[in-house]
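This briefing goes through one protein model with a bound ligand. Please have the sequence and the coordinates open while reading.

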Amino acid sequence: MLDPASATPPAEPASLGIQTRSIHAGEALDPSTGAVGVPLYQNATYGFRSYAQVEAWRDGAPHFLYAREGNPTVRCLELKVADLEGAEAAVGTATGMAALSATLLHLLPAGAHLVASTHLYATTRSFLCDTLASHGVAVDVADFADPVAVAAAVTPRTRALLCEAFSNPTLRVADIAAAGEVARAAGATLVVDNTFLSPALLRPLAHGADVVVHSATKYLSGHGYTLGGVVAGRRDLVAGVTRTLSALGATMPSFAAWLLLAGAKTLPLRVERHSTNAARLARLLAAHPAVAAVYYPGLPDDPGHAVARHLVGADAPGIAPETRFGGMLAFRLAGGNAAVGPVLDALRLPTIAVSLGDCASLIWPVDGTGLVRLSVGLEDIADLEADFAQALDRAPIPAGEG
Ligand SMILES: Cc1ncc(COP(=O)(O)O)c(C=O)c1O
């Protein structure tokens, strides 16, 4: 029986398949009641039965203390994600931004230097430019698709490198293995945001990353009912991030962990369907005259395709490539921003909303230049294809095109 206070995840990825581990890892009959499925422990503090038990805890015996520093429901989610990522340890956080900010604040003291990807989620960029900079951390950017540029950005003060595996919103593919070599040579820590792919498709630690961060709000949840984040990696690194998180008060609430435990059980199944649907829609979009460009690493002419194939194992025997590239894509309408309204308003299935990774398709006009991001949902692909075909047919196309 698993006692979440003392259980530790395996240091090596288990030999079981990813869908089996998504269901079983971190889970066991509840130690006190035998409840099947991790119960929601919704409490602030944990009692000791005697002073002797307090002393034993001070000497290292496992015991929960206070919910900001640990909770049995959250612990089970941490064990599950650590297993899925092949990490020694993981810690839950209030949001994806809490995961990123606590990790970077832990790794980067004043005077340190960070090499960050040119292609990052906008709020992550703001955190780097505003918060980190005002704490005395120097930040330089490089394109993580170009290992030479990444190496050139390193300085003697570089303590960390940061990239998104597939970037938000334009799906730029980071060469994680090359960045890992640069980080090792510099004695720095490579942090990879794996939100867009999830451990169902990519385990960055196996490719040379030191720390993986997630917005668990997205594919790990899968249903859009909660915010959350996770940091996974070496035990000492995760322990350091955990201390920073506790000090910031940015730990994961147990209700979020409980929802995420339910979502994570179907992660590989969902991600496979997200991926096959996205691959089909990417082809439809690429062939339509109303679309000027499609950003999807699963397309053979995508600039990141070769690196992406290696990362997500699409070259592995017996694996259908179209199941491997995730459910996110972006496209640019040939008619520019004038075409965005007509297309978005004509679509019947995707909801116009930010966020991603939900069962339902979500679509968002990114920046007022005709760029649109699409989180492809789990709907029947024939329905999605018919919907996009009719909506794109209404898009104004500039004269001379189409
Ligand atoms: C790649 C990526 N990282 C981090 C975040 C931040 O996550 P959260 O909204 O859970 O704070 C997001 C949110 O969209 C994201 O897309």
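The points below cover the ligand site first, then selected residues in helices and loops.

The model is predicted. Its ligand is surrounded by 13 residues, and the protein buries 90% of the 390 Å² that the ligand exposes when taken alone. Elsewhere, the loop between strand S4 and helix H7 holds a cis peptide bond ending at proline 169 and a leucine with positive phi, leucine 171.

**Ligand site**

- The space that the ligand takes up is the second largest pocket.
- Of the 13 residues around the ligand, the closest are Met97, Asp193, Ser215, Thr217 and Lys218.
- By residue class, the shell around the ligand consists of three nonpolar, seven polar and three charged residues.
- Helix H4, which spans residues 96–107, gives the most to this shell, with three residues.

**Polar contacts of the ligand**

- Aspartate 193 places a polar side-chain atom 2.6 Å from a nitrogen atom of the ligand.
- Serine 215 has a polar side-chain atom 2.8 Å from an oxygen atom of the ligand.
- For lysine 218, an N or O atom in the side chain is 2.7 Å from an oxygen atom of the ligand.
- Taken alone, the ligand exposes 390 Å², and 90% of that is buried by the protein.

**Helix H3 and the loop before it**

- Lysine 80 belongs to helix H3, residues 72–85.
- The relative accessible area of lysine 80 is 0%, so this residue counts as buried, the cut-off being under 20%.
- A polar atom of the lysine 80 side chain lies 2.8 Å from the backbone oxygen of serine 22.
- Leucine 77 is also found in helix H3, and its relative accessibility of 3% makes it a buried residue.
- Between the C-alpha atoms of leucine 77 and alanine 256 the separation is 9.8 Å, although the two residues are 179 residues apart along the chain.
- Asparagine 71 sits in the loop between helix H2 (51–58) and H3.
- With a relative accessible area of 3%, asparagine 71 is buried.
- Asparagine 71 and serine 15 are 56 residues apart along the chain, and their C-alpha atoms are separated by 28 Å.

**Helix H9**

- Leucine 261 is placed in helix H9, which covers residues 254–264.
- Leucine 261 has a relative accessible area of 3% and is therefore buried.
- From leucine 261 to glycine 37 the C-alpha to C-alpha distance is 8.9 Å, with their positions 224 residues apart in sequence.

**Loop between S4 and H7**

- Which form does the peptide bond from asparagine 168 to proline 169 take? This bond is cis, with omega near 10°.
- Proline 169 lies in the loop that runs between strand S4 (158–164) and helix H7 (176–186).
- Leucine 171 lies in the loop between S4 and H7 as well.
- The phi angle of leucine 171 is positive, at about 55°, although the residue is not a glycine.
- Is leucine 171 buried or exposed? Leucine 171 counts as buried because its relative accessibility is 2%, and the cut-off for buried is under 20%.

**Loop between S10 and S11**

- Serine 355 is found in the loop between strand S10 (351–352) and strand S11 (362–365).
- Phi of serine 355 is near 75°, which is a positive value in a residue other than glycine.
- The relative accessible area of serine 355 is 24%, so serine 355 is partly exposed: the value falls between the cut-offs of 20% for buried and 50% for exposed.

Conventions. Residues are numbered from 1 along each chain as its sequence is written. This is a predicted model: local features need pLDDT of at least 70, side-chain atom pairs count only at pLDDT 80 or more; totals for chains, interfaces and linings use all residues. Side-chain values use heavy atoms; hydrogens and water are left out. A residue is near a molecule or strand if one of its heavy atoms lies within 4 Å of it. A polar contact is a pair of N or O atoms within 3.5 Å; within protein, one must be able to donate a hydrogen and the other to accept it, and residues adjacent in sequence count only if both atoms are side-chain atoms. Accessible areas come from the Shrake-Rupley method with a 1.4 Å probe; for residues, only the protein chains shown count as cover. On a 1 Å grid over the protein atoms alone, a cavity is a set of points where a 1.4 Å probe fits but cannot get out, and a pocket is an open set with protein on both sides within 12 Å along at least five of seven lines; lining residues have an atom within 4 Å of a point. A molecule sits in a cavity or pocket if more than half of its atoms lie within 2 Å of its grid points. Helices (H or I, at least four residues) and strands (E, at least two) are DSSP runs, numbered from the N terminus. Ala, Val, Leu, Ile, Met, Phe, Trp, Tyr, Cys and Pro count as nonpolar, Asp, Glu, Lys and Arg as charged, and the others, Gly among them, as polar. Buried means under 20% relative accessible area, exposed over 50%, partly exposed in between (1.4 Å probe, protein chains only).
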